[in-house]
Amino acid sequence: MRVSVSGGVAVRPDQRISSAGPEPETASPAPGTPVVVGPADAPESDRVRAVALLAALVEAGGAVAADAGADLGGGFCSARVDGGTGDRRDAVLAALAVPRFADRLGPPAAVLTALFGPTATKPLGAATLDAIRAGRTPVLRYAVAASDLLGPEQLVRLLALRAPDGVDPFPEGLPSVVGRHLDRVLRPLPGPRRLALLTDLWEQACAAAAKRQRTERIVRSQRGPELVDALRERLEHYEEQQVVGALGRRPTLARAALWYPPRTFWTARFRGVLHDALAATVLARVAAAAFEDGTEEALRGHRSAIEAAAAMLTKREAASAAQRVKGLTGHPARPGSYLRELARLAPGVELTAKQVAGARERLATARAYGELALERATEFVQDAPYLEAPSAQEALADWRCAGLADWRSKAGYFSPGRLADWEQPRPDALAPLAQRLRAETDREPAEVETVGDLLWIAELADAVARLYGHPAAEIMHETVGVEAVTRPVSDDTFLPLAGSVALTAARTAQLAELGGSVPAKPRSWADLVAGLAAGAEAAEALVGRFPVPAAVEVFDGGLLPGTETRIEVARTGSTLTAWAAYMGNCIAGPYYSDEAAKGRSVLIALRDPDGRILANAELRPPGKGWRVAEVKARFNEEPEPALLEAVREWVRSLPVPRESPAEPDPAPPPAPRRGRRPSPADRLTAEIGEQLGALAAVAVRPDSTLTGLIGAPASAEGLVALRRLAPATLERAVRSALAAPAAAGRLWEATATRPLAAAVSAMPPEVHHRLEPLLRDEPLPGALRKLARLEGIADARAADLIALRVRAAVGGLLRADAAELAAAVRMRPHAGLLRAATLAVTSWGGLPAAPVTAVAARRRVRLPGFPESSLRDERWQGSWPDAVELGGVPGAFWNAIAAHGLLVPSSWLPPGGWPVLWARAWPPPARNPIQIR
């Protein structure tokens with residue numbers, strides 16, 4: 001059997017090929033298989049030695065390195081069976097990275113020609129050798145990728161670029177693939193501007209990669225999220241002991257029920273919240289400084305703040321907080337205990353190695369203490385229904401008015417830049433702090449600030465954000481308190497720089513494929529991206545749904561047979577864009593989009609159990625049977641052989657539809673006549689398009705709660721970016737967003753706003769049934785597609801679809817019993833979400849792999865807790881549309897009630913069970929005029 005190797009070169013009759021696999025003499029090796037090519041009559045020992053060297057080359061440099069034609073001795077050389085990913089320049093670069101094979105690739109002139117083509121010059125050769133000797137492989141790969149766009153002199157200047165120590169801005173991706181992406185966006189520009197943009201891209205990618213590495217290091221320097229849960233249990237036990245102690249020597253249930261906390265109890269409780277927040281702020285600031293400057297320097301620089309925070313905790317309180325409790329974490333309940341230990345380290349004296357190690361262990365808990373203190377402080381000032389007692393209100397009013405001058409004189413301001421703009425509303429008669437500072441310029445800020453200004457919460461949030469690699473937290477002023485976002489926001493979109501040359505080039509090329517135009521004179525890569533994005537938005541709005549045959553559709557979201565890999569089927573061009581943004585391939589290009597839109601191919605992603613895309617595949621619908629047209633891993637590399645074989649086996653098993661009997665050729669259509677009746681789409685657009693568009697435009701109000709899931713602005717552009725997200729990506733964004741206080745309620749209320757639904761309801765009733773498909777997340781009939789693209793209607797429909805998809809993502813988290821959703825509901829339950837989720841879980845008969853709790857007996861419709869409610873009342877029955885959006889099944893609900901009662905995830909229930917959760921889901925009575933909300 002004749003076999004050709006890379007480049008279409010046929011193996012001569014007097015030669016033989018052998019692979020390094022388990023079957024070296026296979027008659028038909030797969031495309032891209034590494035092989036050795038040599039004399040057919042060579043001694044067997046020479047062939048075995050060559051195969052062993054090939055295996056070593058492939059192990060160190062990857063399969064693509066075999067295509068470099070390395071001399072393996074005995075007349076044998078390395079090669080690959082034709083059809084593999086990558087070209088010769090990729091292979092030579094991969095082989096050069098393996099030192100023992102660098103001198104087996106031929107003379108330097110041949111290597112230089114393989115990398116840069118026949119126009120390579122001696123200065124370019126010298127610069128290449130310098131890069132190889134210095135180990136600057138990333139910049140060499142970058143220059144090779146850009147070799148078709150730049151001349152030899154420009155390539156020499158490109159090779160002179162440097163990356164910071166330990167930073168690799170080109171860690172993945174084949175130069176040939178990256179070169180095609182660069183060519184797609186830089187070809188229309190003149191040579192000098194190409195060099196300037198490529199230089200800027202390199203510098204920006206280096207900076208982004210360095211920032212990402214720094215963020216990863218500082219995140220790793222702190223203990224994980226499991227410590228927050230452990231500390232929360234520890235603090236709850238500590239506070240229970242404080243209450244038990246306040247009840248006297250013989251606490252009983254009756255005494256606890258009749259106990260009326262005195263004002264002194266509430267004063268101590270408020271003071272404890274503040275002191276823990278200040279102590280956690282200092283601990284986090286010291287931890288961040290230790291990461292930057294070293295432990296000893298951080299302790300010296302923050303000595304005054306450490307001592308001031310440590311002094312807030314008495315010796316007795318510290319001993320009580322640090323007392324060991326069986327079954328709970330050994331860390332103290334309050335962060336001040338650790339600050340007291342750090343304060344005992346002698347100032348000005350060099351620390352021993354043991355003392356430094358102990359200090360580092362304590363500082364590694366700073367972020368966990370900070371998150372818990374922030375959670376407790378924001379919840380305390382926003383949602384404290386137990387503060388209605390007069391004694392609590394009196395203590396609360398005094399606490400809000402208390403000054404912080406003594407604390408500021410010792411610790412200072414950690415976030416002084418916030419003072420001038422701190423417009424946090426107050427529940428009392430005082431104006432916001434920023435306004436008071438502008439009115440009292442003769443006084444120091446510490447003399448004006450009080451506890452009720454809540455600036456200390458922002459400082460705590462900033463300190464926690466620094467331990468996540470951010471310079472500051474995002475603070476939102478609300479009438480009910482302060483909301484803080486400290487965790488990084490997902491940037492899973494193709495717009496921003498990704499810290500990788502290959503991925504950034506791929507994402508930028510996707511903008512061009514979506515219809516973006518290269519600007520005439522971009523000064524930087526960011527300008528280039530902005531110019532391309534301006535044209536891509538309109539093109540994105542035109543992408544319709546892809547037809548998917550039933551044979552493949554049934555596998556969407558299911559497992560690839562015989563593996564733990566999940567199948568995801570593309571249904572829109574936005575899905576392809578999201579895939580391509582991560583994969584660095586051209587699957588969002590016009591060829592694949594057009595083929596999928598016409599039903600000539602089906603595009604899928606294969607995801608591992610963690611949701612990471614392993615490969616994309618193009619399937620061709622059957623003629624005589626289904627076939628795999630293409631399967632590629634990230635950056636168009638070859639997927640794992642086992643995965644490739646599993647895909648092929650699955651595709652071969654797909655059913656082939658029966659052929660319908662041939663129909664006679666239709667008669668030719670009659671010649672068009674003048675005055676032809678408009679199409680249904682044109683008629684509908686003409687009849688109601690203007691009216692519906694005007695109503696929809698008025699109703700659209702992009703919500704920052706939704707667009708903030710991906711860090712996008714609250715604008716039409718932000719809606720488009722959010723709508724592009726794949727379901728798994730959106731679910732990850734929702735999961736991340738739920739970490740913020742009150743996020744579950746805000747997200748639920750934001751998704752209840754449906755601008756297009758509001759506009760449709762305002763239209764005449766006789767057209768409602770014709771417009772209903774616009775309100776569903778499904779392919780539109782032809783008569784509505786033109787209407788859906790009108791200005792105003794397109795944005796309103798995007799907002800409606802985003803709301804539906806976010807709720808579907810919440811439903812997925814509910815079904816998986818996600819810890820983030822459970823924690824958000826326990827912290828700040830929302831009545832609407834609670835009702836809808838409970839209906840859905842009950843209709844499912846429980847959760848697949850998590851415990852549930854029956855909160856009412858079987859066949860009972862009245863529910864325990866206050867306010868009183870019944871499953872048949874208007875509020876519960878009116879929640880069914882919301883429950884259906886989470887995945888609820890109304891037809892199965894009453895049978896489930898008869899079988900086991902109303903079910904709720906056990907992870908959602910706080911101490912006290914359903915009555916406590918249900919009561920907390922309702923706002924406190926309005927008769928409390930001075931309560932902090």
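This passage walks through two sheets, two helix pairs and two single residues of a predicted model.

The tour begins with the sheets. Strands of a sheet pair through backbone hydrogen bonds, either parallel or antiparallel. One open sheet in this model is built from 4 strands, which follow the order E3-E4-E6-E5 and pair in the antiparallel sense. At its edges stand strand E3 (15-19) and strand E5 (71-73); each has a single partner strand, so one side of each is left without a neighbour in the sheet. From one strand to the next, the twist averages 35°. The edge strand E5 is joined by 2 bridges to strand E6, which covers residues 76-80 and runs antiparallel to E5. For a concrete pair to look for in the structure, Asp71 has Cys77 of E6 as its bridge partner.

A second open sheet, also described by its strand order, lies further along the chain. Here 4 strands are arranged as E9-E10-E11-E12, with antiparallel pairing. Strand E9 (566-569) and strand E12 (627-632) take the edge positions, and because each has a single partner strand, one side of each is left without a neighbour in the sheet. The twist in this sheet averages 25° from one strand to the next. Inside the strand order, E10 (residues 602-607) and E11 (residues 613-620) are paired in the antiparallel sense over 6 bridges. Among the residues involved, Leu603 has Glu618 in E11 as its bridge partner. A helix accompanies this sheet: H28 (residues 641-653) packs on the sheet and touches E9, E10, E11 and E12, while its direction makes about 155° with that of E12.

Helices also pack against one another. Helix H11 (residues 263-293) meets helix H18 (residues 390-401) at an angle of about 40°, and their axes are 8 Å apart. That angle makes H11 oblique to H18, and the crossing is right-handed. On the H11 side, the contact is made by Arg263, Trp266, Thr267, Phe270, Arg271 and Leu274, and on the H18 side by Ser391, Ala392, Glu394, Ala395, Leu396, Asp398 and Trp399. Sorted by class, this contact holds 7 nonpolar, 2 polar and 4 charged residues.

The other helix pair consists of H13 (residues 303-311) and H15 (residues 336-343), which pack at an angle of about 130° with axes 8 Å apart. H13 and H15 are therefore oblique to each other, and their crossing is left-handed. In H13, the residues in contact are Arg303, Ile306, Glu307, Ala309 and Ala310, and they meet Leu339, Arg340, Leu342 and Ala343 in H15. The class count for this contact is 6 nonpolar, no polar and 3 charged residues.

Finally, two single residues are worth a look. Asp703 sits in the loop between helix H29 (680-699) and helix H30 (704-707). With a relative accessible area of 26%, Asp703 is partly exposed. Asp703 and Ser715 are 12 residues apart along the chain, and their C-alpha atoms are separated by 7.9 Å. Arg746, in turn, belongs to helix H33 (residues 743-751). Is Arg746 buried or partly exposed? Its relative accessibility is 21%, so Arg746 counts as partly exposed, since buried means under 20%. In sequence, Arg746 and Leu706 are 40 residues apart, while in space the distance from C-alpha to C-alpha is 9.2 Å.

Conventions
Residues are numbered from 1 along each chain as its sequence is written. This is a predicted model: local features need pLDDT of at least 70, side-chain atom pairs count only at pLDDT 80 or more; totals for chains, interfaces and linings use all residues. Side-chain values use heavy atoms; hydrogens and water are left out. Two strands pair if DSSP finds at least two bridges between them. Axes are lines fitted to C-alpha atoms, for helices over the stretch in contact, and angles run from 0 to 180 degrees between N-to-C directions. Angles under 35 degrees count as roughly parallel, over 145 as roughly antiparallel, 65 to 115 as roughly perpendicular and the rest as oblique. A crossing is left-handed if the near helix is turned anticlockwise from the far one by less than a right angle, and right-handed if clockwise. Contact means heavy atoms within 4.5 Å. Ala, Val, Leu, Ile, Met, Phe, Trp, Tyr, Cys and Pro count as nonpolar, Asp, Glu, Lys and Arg as charged, and the others, Gly among them, as polar. Buried means under 20% relative accessible area, exposed over 50%, partly exposed in between (1.4 Å probe, protein chains only).
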